[in-house]
Amino acid sequence: MGYFIVVLLQTVVLPIVSGVIELAVVGGDPVLVFGKWFVFWGVGTRLFLAGIVQVSGRASTAQILGATATTGAERQLTAELGTANLAMGFAGLFALVPGWALPVGLAGGLFLLIAGLMHVAKKDKNAKETLATWTDLVVGLAVAVLAVYTLVRVLA
């Protein structure tokens, strides 16, 4: 249950709440404000926390995907994925620095979007993998919207 709460908070609830609060208090361009918060929470904290868990060996990505017992190779692959998640997540935490949200969010956002798309067609997903699939897509699409919006503004 904790996994579901943390993932939903990081990828849906906290980005929206943070964006609404910032718009109410400070104002700003809604796409840039919400984009920044999706990068901070959905890429930054989500991937950083996932990386910590994966590198620590306390929970295996293979288990989230439905494996009942993991091999040494699966544990090694999970740890290596964890280092990538740590790096992308750490970068995503810098989204709160003015002008950094898009550059630090692109790698993590693209990773999440592609991972989500790869999982959509998979049959027999368990509940954790289904949640990961759809929240990966939400965050990935939010970063894609931020990227396209920023590009259009720059080119205009």
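## Helix packing

Axes here are lines fitted to C-alpha atoms, for helices over the stretch in contact, and angles run from 0 to 180 degrees between N-to-C directions. Helices are DSSP runs of H or I with at least four residues, numbered from the N terminus. The model is predicted, so that local features need pLDDT of at least 70 and side-chain atom pairs count only at pLDDT 80 or more, while totals for chains, interfaces and linings use all residues. Residues are numbered from 1 along each chain as its sequence is written, and side-chain values use heavy atoms, with hydrogens and water left out.

The axes of α1 (residues 2-25) and α6 (residues 127-155) come within 10 Å and cross at roughly 5 degrees; the two helices are therefore roughly parallel to each other, a term for angles under 35 degrees. In contact (heavy atoms within 4.5 Å) are Tyr 3, Phe 4, Val 7, Leu 8 and Thr 11 of α1 with Ala 127, Lys 128, Leu 131, Ala 132, Thr 135, Val 138 and Val 139 of α6. By class, this contact has 9 nonpolar, 2 polar and 1 charged residues, where Ala, Val, Leu, Ile, Met, Phe, Trp, Tyr, Cys and Pro count as nonpolar, Asp, Glu, Lys and Arg as charged, and the others, Gly among them, as polar.

## Phe 4 and Leu 141

Phe 4, in helix α1, is partly exposed at a relative accessible area of 24%, a class lying between buried (under 20%) and exposed (over 50%), with a 1.4 Å probe and protein chains only. Leaving aside neighbours within four places in sequence, Phe 4 is in contact with Ala 127, Lys 128 and Leu 131.

Leu 141 lies in helix α6 and also counts as partly exposed, at 48% relative accessibility. Its C-alpha is 9.8 Å from that of Phe 38, although the two are 103 residues apart in sequence.

## The loop before α6

Asp 124, in the loop between α5 and α6, has a positive phi of about 60 degrees although it is not a glycine. Asp 124 is exposed, with a relative accessible area of 78%.

## Second largest pocket

A pocket is an open set of points on a 1 Å grid over the protein atoms alone, where a 1.4 Å probe fits, with protein on both sides within 12 Å along at least five of seven lines. The second largest has about 220 Å³ of space, the volume being that filled by probe spheres set on the points, which are joined across faces, edges and corners.

Its lining, counted as residues with an atom within 4 Å of a point, comprises 13 residues, of which Leu 32, Lys 36, Gly 99, Trp 100 and Ala 101 lie nearest the centre. The elements giving two or more residues to this lining are α2 (30-56), α5 (101-120) and α6, and α2 gives the most, with 3 residues.

Terms used. Angles under 35 degrees count as roughly parallel, over 145 as roughly antiparallel, 65 to 115 as roughly perpendicular and the rest as oblique.
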